[in-house]
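Let's look at how the parts of this protein model touch each other. Have the sequence and the 3D view ready, and follow along.

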Amino acid sequence: MLARLHVQNFKCLRDVDIAFGPFTVLIGPNDSGKSSILDALRILGRTMREPLADIFRGDDEWRHLAWKGTNVSSFALEVGYKNGPQERTYKLVLSALNVFEEHISEDNAGPVHVFKVPRRAGTRLRDHAGGAFVPSIKGSNIAADHSLRSFYGSHKSDLHALVEIPRYHLNPEHLRSTAPTLRDAVLAPTGDNLVAVLDRLISGPDRSVIVRLEKALHEAIPTIRGISLPAVAGQAGTKTLEFVLDNAQNGPPVTIPCAHASDGAMLLTAFLALAFSDEPGMILVEEPENGLHPSRLREVVEMLRKISTGAVGNTPRQVIVTTHSPLLLNYTQPEEVRIVQRDRERGTIVTPMSDVPDVHELLDEFGTGELWYLLGEQALVEGKKP
Amino acid sequence: MKRVLFVGDGKHDIGVPDWPTDEPFPARGVVPHLAERVAAVDRAHSLAMPWSHPRLSRFQPKNRAQRTRGYEAKVRAAMLQIERGVLRVDGLVCVVDEDNDPERRNLPDVLHVHASERCPIAAGVAVRSIEAWTLGARTALAQALRTKVDMVEKTCPSSSVEELYEGAGDRSRRPKHILQRLADELARMKDSLELREEIASLTDPDELCKACPIGFAPFAVAVRAAFGPPPVVVGSTP
């Protein structure tokens with residue numbers, strides 16, 4: 001699991017250190033830096049699969065990505081993973097002169113091994129992940145090689161999770177769209193392809209997957225018994241989603257097309273599809289509250305939390321959510337929440353809600369979302385005035 | 001002099017913003033003027049919010065150990081914002097109309113329990129509506145209408161102003177109607193926020209305490225206890 005992200009001089013993140021848990025919720029006003037945090041993860045993920053020259057160009061050119069407040073000569077993206085009490089870190093440094101460096105540290109106080117990486121090449125970490133690693137021949141780099149190999153070996157699945165980090169901004173209308181069935185279907189960031197992903201799960205070798213998905217859906221929305229994916233008439237290979245409901249007359253179950261299902265049902269089904277599809281990677285969800293009745297927000301939060309711990313789904317998948325909804329936030333714990341603010345001089349500042357002065361005392365009376373709504377980010381972080 | 005946040009029920013109590021805003025607005029109306037008459041309250045630099053303001057709304061989960069409800073919950077929301085510096089004032093003055101709910105008379109006791117050093121609270125109940133705090137100030141009413149107290153007395157019902165009620169079947173016992181009739185018949189004016197503010201600013205607190213012993217008198221004591229007595233201006237009438 002990604003334990004920490006440290007970003008320096010990247011976009012509005014001048015020097016931001018953010019700790020992540022299995023389920024992390026970012027709150028803050030528009031333009032505070034929430035998206036930049038997700039962008040930092042996206043860029044790091046790309047360095048795991050593409051040559052650096054292909055990444056840092058066009059919209060992602062150095063000059064667009066670097067902090068603009070002062071003259072900076074480099075920016076750095078660093079991820080940290082827990083290894084017992086120690087934290088192992090991997091840092092990518094990019095200078096204005098297009099000089100790249102990878103820094104590997106095996107523990108908090110240990111040596112930092114540095115690789116210089118040519119722009120045209122990929123990172124040494126990517127070489128490792130892709131099986132194209134060529135060992136160093138110079139003495140000093142042999143130790144660094146060893147450190148990198150050890151780092152990769154210990155956090156292989158975590159690093160692969162970084163490679164593909166789709167940012168889901170799910171739209172219920174897109175979730176309802178019909179889709180051609182594909183063996184390797186994945187959910188699109190706005191929700192297209194949900195039907196194809198469900199079809200992949202239903203036709204997969206493990207029949208229990210769909211049973212568990214339907215059970216979790218039924219627990220969240222008791223009127224729903226299951227799902228069915230009938231073919232669309234006249235469109236070969238294309239399917240649509242229907243929900244199987246209890247019959248109020250105690251007769252056989254009835255089905256309704258997803259066009260008549262609630263937005264909440266669509267959203268929860270999509271999250272379950274993500275949880276049970278064996279794609280690697282963390283799940284970044286932007287504003288899951290959109291289009292949802294407030295009474296469904298608790299189920300959404302509980303579902304995402306269960307996905308993050310593996311209580312729902314095949315394996316635990318780390319979840320990061322951004323929200324503008326105090327109602328959604330009311331269902332979170334302060335330990336799960338990071339308050340993102342923007343300061344003109346210091347750029348983005350991230351504060352864990354659990355660090356807010358007196359937060360547990362305040363939570364005896366107020367909800368997490370209420371505190372945010374009534375106080376705003378700054379007053380929340382600064383605490384009581386004398 | 002203390003800047004405070006006034007929370008009340010409507011235009012005549014605490015004013016309304018001059019522009020559409022979700023923020024607290026400069027305090028106007030009867031309550032701020034009366035508060036200034038009885039205590040060290042800086043009315044001109046105080047703020048106001050109606051009870052219905054979104055910044056007082058609560059949507060707390062039910063499982064909180066110290067969950068509060070209704071007016072109490074709204075007061076706690078206001079206090080939180082004052083204590084954390086979101087609302088830059090020194091305390092809270094809140095007034096509710098009793099309307100047809102006698103249980104509201106207990107509200108000041110319930111709210112005063114929450115007062116803190118950083119956020120003193122003065123709460124009051126207008127019995128049975130805020131118009132009593134205007135109609136009870138007969139001398140000020142006469143002054144503002146440029147007439148004599150006798151004339152005001154003749155036009156007002158003889159019973160206590162704290163018995164007048166907007167829901168009364170007899171129109172002549174509805175306080176808003178009485179105020180409008182006074183303004184119209186004695187001064188060819190319309191009842192307005194400005195008129196009520198003028199009356200409040202001329203009000204003799206002792207006279208009003210006698211006229212409104214259930215509502216205004218304890219409120220005046222509470223405001224003075226929370227914010228101290230008004231400064232004595234040399235040459236002014238005590």
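Between chain A and chain B there are ten residue pairs in polar contact, with both residues at pLDDT 80 or more. A polar contact here is a pair of N or O atoms within 3.5 Å; within protein, one must be able to donate a hydrogen and the other to accept it, and residues adjacent in sequence count only if both atoms are side-chain atoms.

Keep in mind that this is a predicted model, where local features need pLDDT of at least 70, side-chain atom pairs count only at pLDDT 80 or more, and totals for chains, interfaces and linings use all residues. Residues are numbered from 1 along each chain as its sequence is written, chains are lettered from A and ligands numbered from 1 in the order in which they are written, and side-chain values use heavy atoms, with hydrogens and water left out.

Which elements of chain A give two or more residues to the side that touches chain B? They're helix H12 (326-329), helix H13 (359-363) and helix H14 (368-382), with helices being DSSP runs (H or I, at least four residues) numbered from the N terminus. H14(A) gives the largest share, seven residues. By class, that side of chain A has twelve nonpolar, four polar and six charged residues. (Ala, Val, Leu, Ile, Met, Phe, Trp, Tyr, Cys and Pro count as nonpolar, Asp, Glu, Lys and Arg as charged, and the others, Gly among them, as polar.)

One of the salt bridges joins the side chains of Glu370(A) and Arg58(B), at 2.7 Å from N to O. (A salt bridge is a side-chain nitrogen of Lys or Arg within 4 Å of a carboxyl oxygen of Asp or Glu.)

Chain A also has an internal meeting place: its domain assignment, which is automatic or from a database, gives domain 1 (2-163) and domain 2 (168-280 + 283-317). Here are both pairs. Contact means heavy atoms within 4.5 Å, and buried area is the accessible area (1.4 Å probe) that two parts lose on being put together, summed over both.

| Pair | Residues in contact | Buried area | Salt bridges |
|---|---|---|---|
| Chain A and chain B | 22 of chain A, 21 of chain B | about 2,000 Å² | three |
| Domain 1 and domain 2 of chain A | six of domain 1, eight of domain 2 | about 560 Å² | zero |

Carbon and sulfur atoms give 77% of the area buried between the two domains of chain A. Pro22(A), Phe23(A) and Leu38(A) supply 75% of what domain 1 buries against domain 2.
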